[in-house]
Amino acid sequence: QVQLVESGGGLVQAGGSLRLSCAASGNIFSINNMGWYRQAPGKQRELVAGVTRGGSINYADSVKGRFTISRDNAKNTVYLQMNSLKPEDTAVYYCNAAVLGNGRYAFVDYWGRGTQVTVSS
């Protein structure tokens with residue numbers, strides 16, 4: 001089994017910054033894609049940013065230029081640096097990882113429990 005544990009959420013004023021972290025642990029041989037999603041009340045979960053094991057990155061248009069995703073493969077950890085935060089960034093942020101376990105033959109998607117980010121105006 002694999003666990004993803006997020007940290008770093010909280011309450012911040014508009015224009016402020018937060019850094020989210022997500023560490024994967026458990027039965028891990030390799031991790032392919034890692035990413036951050038968010039879900040605001042009454043809305044569908046959406047991709048915020050993703051990064052492949054090789055370092056290819058994509059962002060949602062709404063966060064380009066403000067958010068930066070990075071990962072540390074040695075620590076099985078992905079980060080999301082969020083700058084110039086806006087009230088519309090308020091959501092629960094979820095970490096996602098595609099994990100190949102030891103002795104397994106296919107990558108499996110895992111999710112963290114989420115961390116709340118609230119941006120006040």
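This report walks through the salt bridges, the disulfide, the core and one sheet of a predicted model.

A word on ground rules before we start. Because the model is predicted, local features need pLDDT of at least 70 and side-chain atom pairs count only at pLDDT 80 or more, while totals for chains, interfaces and linings use all residues. Residues are numbered from 1 along each chain as its sequence is written, and side-chain values use heavy atoms, with hydrogens and water left out.

## The charged network

Let's begin with the charges. A salt bridge here is a side-chain nitrogen of Lys or Arg within 4 Å of a carboxyl oxygen of Asp or Glu. By that rule the count is 4 salt bridges, and the table lists three of them, including the N to O distance.

| Acid | Base | N to O distance |
|---|---|---|
| Glutamate 46 | Arginine 38 | 2.7 Å |
| Aspartate 89 | Arginine 38 | 3.0 Å |
| Aspartate 89 | Arginine 66 | 2.7 Å |

Through shared partners, Arg38, Glu46, Arg66 and Asp89 are joined into one network.

How exposed are these side chains? The scale is relative accessible area, from a 1.4 Å probe and protein chains only: buried means under 20%, exposed over 50%, and partly exposed in between. Glutamate 46 is partly exposed at 35%, whereas arginine 38 counts as buried at 6%. Aspartate 89 and arginine 38 lie in the loop between β8 (77-82) and β9 (91-100) and in strand β4 (residues 30-39), respectively, so their bridge ties together parts that are 51 residues apart in sequence. Strands are DSSP runs (E, at least two residues), numbered from the N terminus.

Aspartate 89 is buried, as is its partner arginine 38. The bridge from aspartate 89 to arginine 66 also links distant parts of the chain, with arginine 66 placed in the loop between β6 and β7, 23 residues away. Both of these residues, aspartate 89 and arginine 66, are buried.

## Valine 63, a contact of Arg38

Valine 63 belongs to the loop between β6 (57-59) and β7 (67-72). What does valine 63 touch, apart from residues up to four places away in sequence? Its contacts are Arg38 and Val48, where contact means heavy atoms within 4.5 Å. The relative accessible area of valine 63 is 0%, so this residue is buried. Asparagine 83 sits 20 residues from valine 63 along the chain, and their C-alpha atoms are separated by 9.3 Å.

## The disulfide and valine 78

A disulfide is a pair of cysteine sulfur atoms within 2.5 Å, and the model has 1 by this rule. Cysteine 22 is joined to cysteine 95 with an S to S distance of 2.1 Å. The link connects distant parts of the chain, from cysteine 22 in strand β3 (residues 18-26) to cysteine 95 in strand β9, 73 residues apart. With -80° about the S-S bond, the link is left-handed, and both cysteines are buried.

Valine 78 brings us back to these two cysteines. This residue is in strand β8 and is buried, with 0% relative accessibility. Leaving aside neighbours within four places in sequence, valine 78 has contacts that include Cys22 and Cys95, and among the others are Leu20, Met34, Trp36, Val51 and Ile69. Aspartate 109 is 31 residues from valine 78 in sequence, with 15 Å between their C-alpha atoms.

## The nonpolar core

A nonpolar core is a set of buried Ala, Val, Leu, Ile, Met, Phe, Trp, Tyr and Cys residues joined through side-chain atoms within 4.5 Å. The largest one holds 31 residues, and Trp36, Leu80, Met82 and Tyr93 touch the most other members. At least two residues of this core come from each of β1 (2-7), β3, β4, β5 (46-51), β7, β8, β9 and β11 (115-120). Strand β9 gives the largest share, 5 residues.

## An open sheet

Two strands pair if DSSP finds at least two bridges between them. One open sheet has 4 strands in the order β1-β3-β8-β7, with antiparallel pairing. Strands β1 and β7 stand at the edges with a single partner strand each, so one side of each has no neighbour in the sheet. From one strand to the next, the twist averages 15°; the underlying axes are lines fitted to C-alpha atoms (for helices over the stretch in contact), with angles from 0 to 180 degrees between N-to-C directions. Antiparallel β1 and β3 are joined by 6 bridges, and leucine 4 stands opposite alanine 24 in β3.
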